[in-house]
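Student: I'd like to learn how to read a structure like this one. Could you walk me through it, idea by idea?

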Amino acid sequence: MLGVRTAAIGLIDGLAESTASLVKIYSGALSDRVKRRRIILVGWLLYSLVYLGLAAARTGWQCLESWDGFGPSAPFLFGAFMALLSSVLLVQST
């Protein structure tokens with residue numbers, strides 16, 4: 001698909017996961033200082049841009065660039081969302 005070799009798919013996913021690991025450190029600290037809803041909004045915006053890029057990709061390199069954008073979007077979205085969810089559930093259980 002898109003002329004990408006099987007080994008390149010692993011490279012693409014590895015780069016996205018590496019980027020996500022680096023961004024998790026900063027997004028977690030940022031979500032403690034900024035309203036979590038704003039962080040979630042930024043995450044959803046980045047997430048939607050990644051999938052728009054994937055839909056528009058016509059070559060393997062465009063796919064690589066788009067999928068590598070998934071790395072920063074996931075920690076912003078899921079980390080802050082889980083923190084917000086846990087704080088809501090903690091308040092409701094007390």
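Tutor: Happily! Let's begin with a term we will need: a residue counts as buried under 20% relative accessible area, as exposed over 50%, and as partly exposed in between. Keep in mind, too, that this is a predicted model.

Student: Thanks. Which helices and strands does the chain have?

Tutor: There are four helices and zero strands, so reading from the N terminus gives the order α-α-α-α.

Student: How do I read the overall shape, starting with the radius of gyration?

Tutor: Set the value beside that of a compact globule. For 94 residues such a globule would come out near 12 Å, while this chain has 16 Å. The box around the C-alpha atoms, taken along the principal axes, is roughly 55 × 20 × 20 Å.

Student: What share of the residues is buried?

Tutor: Of the 94 residues, 28% are buried. The chain's accessible surface is about 6,500 Å², and carbon and sulfur atoms hold 68% of that area.

Student: And what share of the contacts links residues 24 or more positions apart?

Tutor: Among contacts with a separation of 6 or more, 76% join residues at least 24 positions apart.

Student: Now the aromatic rings. How many aromatic pairs are there?

Tutor: A pair of aromatic rings is described by how far apart the centres are and by the angle of the planes. This structure holds two such pairs. In one of them, W44 and Y47 meet edge-to-face, with 5.5 Å centre to centre and 85° between the planes. Both sit in helix α2 (residues 36-56), and because they are three residues apart, about one helical turn separates them.

Student: Are W44 and Y47 buried or exposed?

Tutor: W44 is partly exposed, at a relative accessible area of 48%. Y47 counts as buried because its relative accessibility is 18%, under the 20% cut-off. Y47 also pairs with Y51, again edge-to-face, at 5.3 Å centre to centre and 65° between the planes. Y47 and Y51 are four residues apart in helix α2, about one turn, and Y51 is partly exposed at 39%. Together, W44, Y47 and Y51 make one aromatic cluster.

Student: Which residues form the nonpolar patch on the surface?

Tutor: The members are F81, M82, L85 and L89, with about 370 Å² of accessible area together. Take L85 as the example: this residue lies in helix α4 (residues 70-93). Patch members need over 30% relative accessible area, and L85, partly exposed, has 35%.

Methods
Residues numbered from 1 in each chain as written. Predicted model: local features only at pLDDT ≥ 70, side-chain atom pairs only at ≥ 80, totals over all residues. Heavy atoms only, no water. Patch = residues over 30% accessible without salt bridge, like charges linked within 9 Å, V, L, I, M, F, W, Y side chains within 5 Å. Areas by Shrake-Rupley, 256 points an atom, 1.4 Å probe, with all protein chains shown as cover. Salt bridge = Lys/Arg side-chain N within 4 Å of Asp/Glu carboxyl O. Helix = DSSP H or I, 4+ residues; strand = E, 2+ residues; numbered from the N terminus. Buried < 20%, exposed > 50% of the residue type's maximum accessible area, 1.4 Å probe, protein only. Rg over C-alpha atoms; globule rule 2.2 N^0.38 Å. Contact = heavy atoms within 4.5 Å. Phe/Tyr/Trp six-rings, centres within 6.5 Å; stacked < 30°, edge-to-face > 60°.
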